[in-house]
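Reader: I have some questions about the labels used for this model. Please give the reasoning each time.

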Amino acid sequence: MPLNQTGFDHALTPVNRLVEAAKRNRHNYSPLPSNHSMRVMVLRPGRNEDPIVFSLDIVHDRKHVEEYHALSYCWGDAADTVEVLCSGKPFFITRTLYGALWWLRSEDSARRLWADAVCINQDDITERNVQVSMFRQIYAGARRVHIWLGPRDADTSNAMAFIDHIATKCCTAMYGEEGRSQWVARLQQEDEPSRVFSQILLTTLPDVSSSSWQTLAGRYDRPWFTRVWVVQEVQACNDVWVTSGDITLEWEFVALVASWVRYATDALIYYGTSSETQRGLRAATTMRQGLVTRWEIPFLLALDRNRERSCTDNRDRVFAMLQHPIRPVLELNDQVATLSHKTLGNDLPPSLQDQVNETHLGIRADYNMTTLEVYRDVALRSIQRTSLDDLEFPSWILRWDLATVGGEPYFQPWLYNACAGRRPILSCPSASTLVLRGIRIDSVLRRKSTLPVGGKSMRDFALGPDWLLSLSRIITRDTWASDHIHSSTWKRATEELDSHFADFAAYMLDIVGDNITDSFIPLLERWCDICDGPVAPSEEIGTEAPWTYGCEDCSDGEFDLCLPCYKSGKRCNGSFHKLQQKPIMGLRYIHNDMTLNRLRASASTGNAERYKRRVRNNCTYTFFFVTEAGHVGIGPDYVCPGDVVAVLFGGRVPFLLRKRAEHYRIVGPCYVFDMMDGKAVEDCEEGRLVEEEFELQ
């Protein structure tokens, strides 16, 4: 590929580089006649040494456009550009785009293509705002979408052949000898590929130590997989192909193998890859599965699940998802019916048809807004439409550009109704201040790593007459899920109390057995990152609550060190990192015959593994807390004494608020036993609690 390189100041920020690059191409554009118009690149034929030459065809109405293909790729470094020709005039594109066009170019006929860096005047903000809002329709209207992973390297042939080999074996095992086109059609209709393909065990693949797995990993660590824009680019079209060098594969096969590696292989294969490869595998799996949620807060969930994706401009974390059609989960006669994202706009019920061409929360892409203004708009609109420690951003404005450090507890807010359906009452006296009305429940007295099971200390908590049943509900935040892994099967434990408690009893007896001494039961597994030994296996008991020494700077806060390694002088690799002693969440089993007999009476019909899964889902990154009035709850692991527990009108779950001068900062959502279904509102109406305004910053 002959290159005529040009460039500019590499000290500029990535966004400013894009701005500078756009200015050099603005003379090549004529204004689009309407908001329904678009441009299509007409790429002229050429051979290896011929320069890249194209013209821009203006389409007056995108609904009546001649057939074209669309390109999904990484822009690459905006400072590393190559000069090509647009209608005889110089035009500058990134090296990455040059490689993609060089491969897509035909030797004997023109090709009609759409690529955002060329078909949108990036120097015209008004045009960018309109065109970005049409991205999904543009990709949906393409005859085919080409994913460009980059030029050929030494491992390309082996890697792509290995991916194809695994996909073929998986499809043969699941669907029989139907042929590739039939397999692709089947894959597109699979609602739960992670469940389906986790059941496929392939016995004729290379050993874990084989270099084949490393070559495969080298495809999934390509930056394309973690770009935020590619989610809708891939899901909008039914005919998508992945190209690496001169080899192409169906996208459905590439995504299938990502799911299979994550869920069905030896864990050493997935965890033996680099963090970038793991991100790529997770991203491909998410794109394949779509986002299954309820219509109430689909956009916020989509933003949250895309935090670890990459983009040059952090405003694009919102703009890229504005038309992403998260699959709705509709409850009909206690059955869950899922509408595939592939059918959106065609076979939807009339009540949903109008939503297809709309944007989430009514937000439109506007590059005149700052990142803070975009995120603030999302926060305000989401609070008004649904429900509800950075010094630059107020705490009530979520930072979609920051990955969560050390993890955040996962909540299913649709299960609860803490505000009893009360609509939000809010005002914004300033750009950084949000005033919400709500009800103060209490203040946190102390955070606790353990809760007692049995003993007189249970009387100190507001757990009602059946404290053992109440405790079983608190640990799982009152959630229930069957053996089915699909998220739509989650519901309240109160709907399955007998089964829920039986699972808890089986879980406890599996660990305690015939032990007659007081014991500590870890709720979560912790393993030492130095010796790989257990810090706290979740299925073993001990007489003392174990501690781990954790580093918040290593592995996104996931570094753990056991006591023997710590005493022997072992440390993490960071020269200036600080290890902090962290308790392990667990239960303090206080042996007595009454408790033991109650557990034995219910355990025979319970499923210990099912309860363990709910513990893992609900206790990760959390801590117990007790309020001054004895309320027991679970919140983020950074909950502190003095934090206020409040129900904010419009919020389905209570929130922890931390006082700062004359205002509050949001710590996070929490679970408070007996306060998840409108009890605070009832107490307020009966005079036991009072409404007040909370000024959030």
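Reader: Why is D164 called partly exposed?

Author: This is a predicted model. D164 has a relative accessible area of 21%. Buried means under 20% and exposed means over 50%. The value lies in between, so D164 is partly exposed.

Reader: What makes R180 and D164 a salt bridge?

Author: Their closest N and O atoms are 3.0 Å apart. The cut-off is within 4 Å, so the pair counts. R180 lies in helix α7 (residues 180-189) and D164 in helix α6, so the pair ties together parts that are 16 residues apart in sequence.

Reader: Why is D246 called exposed, and R152 partly exposed?

Author: D246 has a relative accessible area of 51%. Exposed means over 50%, so D246 qualifies. R152 has 44%, which lies between 20% and 50%, so R152 is partly exposed.

Reader: How do you know that D246 forms a salt bridge with R152?

Author: The closest N and O atoms are 2.6 Å apart. That is within 4 Å, so the label holds. D246 sits in the loop between β9 and β10, and R152 in the loop between β8 and α6, so the bridge ties together parts that are 94 residues apart in sequence.

Reader: What makes β2 and β7 a strand pair?

Author: 3 bridges join strand β2 (residues 38-43) to strand β7 (residues 111-114). Pairing needs at least two bridges, so they pair. The two strands run antiparallel. M41 has L113 of β7 as its bridge partner.

Reader: Why is β4 also called paired with β7?

Author: Strand β4 (residues 69-72) and β7 share 2 bridges. At least two are needed, so they pair, in the parallel sense. In β7, L113 is the bridge partner of H69.

Definitions and conventions:
Residues numbered from 1 in each chain as written. Predicted model: local features only at pLDDT ≥ 70, side-chain atom pairs only at ≥ 80, totals over all residues. Heavy atoms only, no water. Helix = DSSP H or I, 4+ residues; strand = E, 2+ residues; numbered from the N terminus. Salt bridge = Lys/Arg side-chain N within 4 Å of Asp/Glu carboxyl O. Buried < 20%, exposed > 50% of the residue type's maximum accessible area, 1.4 Å probe, protein only.
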